[in-house]
Amino acid sequence: MNLVIDIGNTQYKVCVFDNQELVFHAYVNDFSNAFFSKLKTDFPIKKAIYSDTRGVKKTDLLKVFADQIPVLELTQNTPLPITINYSTPETLGKDRIAGAVGASFLFSGLPCLIIDIGTALTIDFINEEATFEGGIISPGPEMRFKSLHEFTGKLPLVEAAEYTNLIGHSTQTAIQCGVQNGIVHEINEYISRFMEQYPQLKIILTGGYAFLFDKKINYAIFADSFLVPKGLNRILIYNELQN
């Protein structure tokens, strides 16, 4: 079995895969010795991969494993089952790479648009030949709400709402409508432009805020909260096969 650790901005997303099947997942604030020991007791874990977008101390994380299993870190030099066509690969987010690998594996031979709504909103494109062509990065919902509060004198800090109308009838709902509907329009327009060129386009939605938008997108989507861990698992299997 494979252990996959996706280190995000706030939590560790920990998953265990039996080949390609997700058999366990948890969100933890810290990856401790005790937690790893329990995982080893519950599952016959043979190898691991981790991706770090936060910048944790690599030595501290590796101490937990203590050479018990081989561990692969996803870096810009890690062999991948896709091609990266990006002018600055050293700055390409590891979550974007893993998401592209996951999408390409799920929809092999088809062009994919990966929409990840988290701290940032990223929309990435991988073509039918499994080449990552790039994408866009813009602020996610939380960043937009905070910026309206912090860069104005009187606007309150508002949280996301599960449902928004076309317009708001109070300052709070006006902010919610502006932020969330703005993201919806942004996503729909990008999809529309891509669909003109790629009629077979597959649209994959993921990220912590995906649930706020999945029913407002005007196109058929495939929602997958574990797209990035699935991509990491695929990278781990690919590297094992290369050895």
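So, about 50 Å³ of space lies in the largest cavity of this structure, and I'd like to start there. Before that, one caution: what we have on screen is a predicted model.

How many cavities of 30 Å³ or more does the structure hold? There is one. Its lining is made up of Asp95, Arg96, Gly99, Ala100, Ile114, Asp116, Thr122, Asp124 and Thr206. If you sort those by element, α3, β7 and β8 each give two or more residues. The biggest contributor is α3, with four residues. By character, the lining splits into two nonpolar, three polar and four charged residues.

Okay, let's follow β7 from there. Strand β7 covers residues 112-117 and is joined to β8 by six bridges, with the two running antiparallel. They form a hairpin, and two residues sit between the strands. Two of the pairs involve residues from that cavity lining. Ile114 has Asp124 as its bridge partner in β8, and Asp116 stands opposite Thr122. Then β7 also pairs with β10, this time in the parallel sense, over five bridges. In that pairing Ile115 is opposite Leu205.

Is β7 buried or exposed? Six of its six residues are buried, so the strand is largely enclosed by the rest of the structure. You can see it on both faces: Cys112, Ile114 and Asp116 are buried on one side, and Leu113, Ile115 and Ile117 are buried on the other. That pattern fits the usual rule, that side chains in a regular strand alternate between the two faces of the sheet.

Let me stay with Asp116 for a moment. Asp116 has a relative accessible area of 16%, and the cut-off for buried is under 20%, so it counts as buried. Leaving out neighbours within four places in sequence, Asp116 touches Leu121, Thr122, Thr206, Gly207 and Val228. Somewhere it doesn't reach is Glu90: those two are 26 residues apart in sequence, and their C-alpha atoms are 20 Å apart in space.

Zooming out, here's the sheet that β7 belongs to. It is an open sheet of six strands, in the order β6-β9-β8-β7-β10-β11, with mixed pairing. At the edges we have β6, residues 83-84, and β11, residues 222-223; each has a single partner strand, so one side of each is left without a neighbour in the sheet. Helix α5, residues 171-197, packs on this sheet and touches β7, β8, β9 and β10. The direction of α5 makes about 10° with that of β8.

Now the other sheet. This one is also open, with five strands in the order β3-β2-β1-β4-β5, and again the pairing is mixed. Which strands stand at the edges? They are β3 and β5, each with a single partner strand, so one side of each has no neighbour in the sheet. On average, neighbouring strands here are turned by 20° against each other, ignoring direction. Helix α1, residues 33-42, packs on this sheet, touching β1, β2 and β3, and its direction makes about 160° with that of β3.

Within this sheet, β2 and β3 run antiparallel and are joined by seven bridges. They too form a hairpin with two residues between them, and Asn19 in the turn has a positive phi of about 60°. Asp18 stands opposite Glu21 in β3, while Lys13 has Tyr27 as its bridge partner.

One more residue from this side: Ser51, which is in strand β4, residues 47-52. Ser51 has 0% relative accessibility, so it counts as buried. Not counting residues up to four places away in sequence, its contacts are Ile5, Asp6, Ile7, Leu74, Lys94, Asp95 and Leu232. You'll recognise Asp95 from the cavity lining.

Last stop, the largest pocket. It holds about 900 Å³ of space. There are 31 residues lining it, and the ones closest to its centre are Gly8, Asn9, Gly118, Thr119 and Gly208. Which elements supply at least two residues each to that lining? Those are β2, α3, β8 and α6. Notice that α3 and β8 were in the cavity list as well. As for character, the pocket lining divides into eleven nonpolar, 14 polar and six charged residues.

That's my tour, happy to go back to any of these views.

Technical notes. Residues are numbered from 1 along each chain as its sequence is written. This is a predicted model: local features need pLDDT of at least 70, side-chain atom pairs count only at pLDDT 80 or more; totals for chains, interfaces and linings use all residues. Side-chain values use heavy atoms; hydrogens and water are left out. On a 1 Å grid over the protein atoms alone, a cavity is a set of points where a 1.4 Å probe fits but cannot get out, and a pocket is an open set with protein on both sides within 12 Å along at least five of seven lines; lining residues have an atom within 4 Å of a point. Grid points are joined across faces, edges and corners, and a volume is the space filled by probe spheres set on the points. Ala, Val, Leu, Ile, Met, Phe, Trp, Tyr, Cys and Pro count as nonpolar, Asp, Glu, Lys and Arg as charged, and the others, Gly among them, as polar. Two strands pair if DSSP finds at least two bridges between them. Contact means heavy atoms within 4.5 Å. Axes are lines fitted to C-alpha atoms, for helices over the stretch in contact, and angles run from 0 to 180 degrees between N-to-C directions. Buried means under 20% relative accessible area, exposed over 50%, partly exposed in between (1.4 Å probe, protein chains only).
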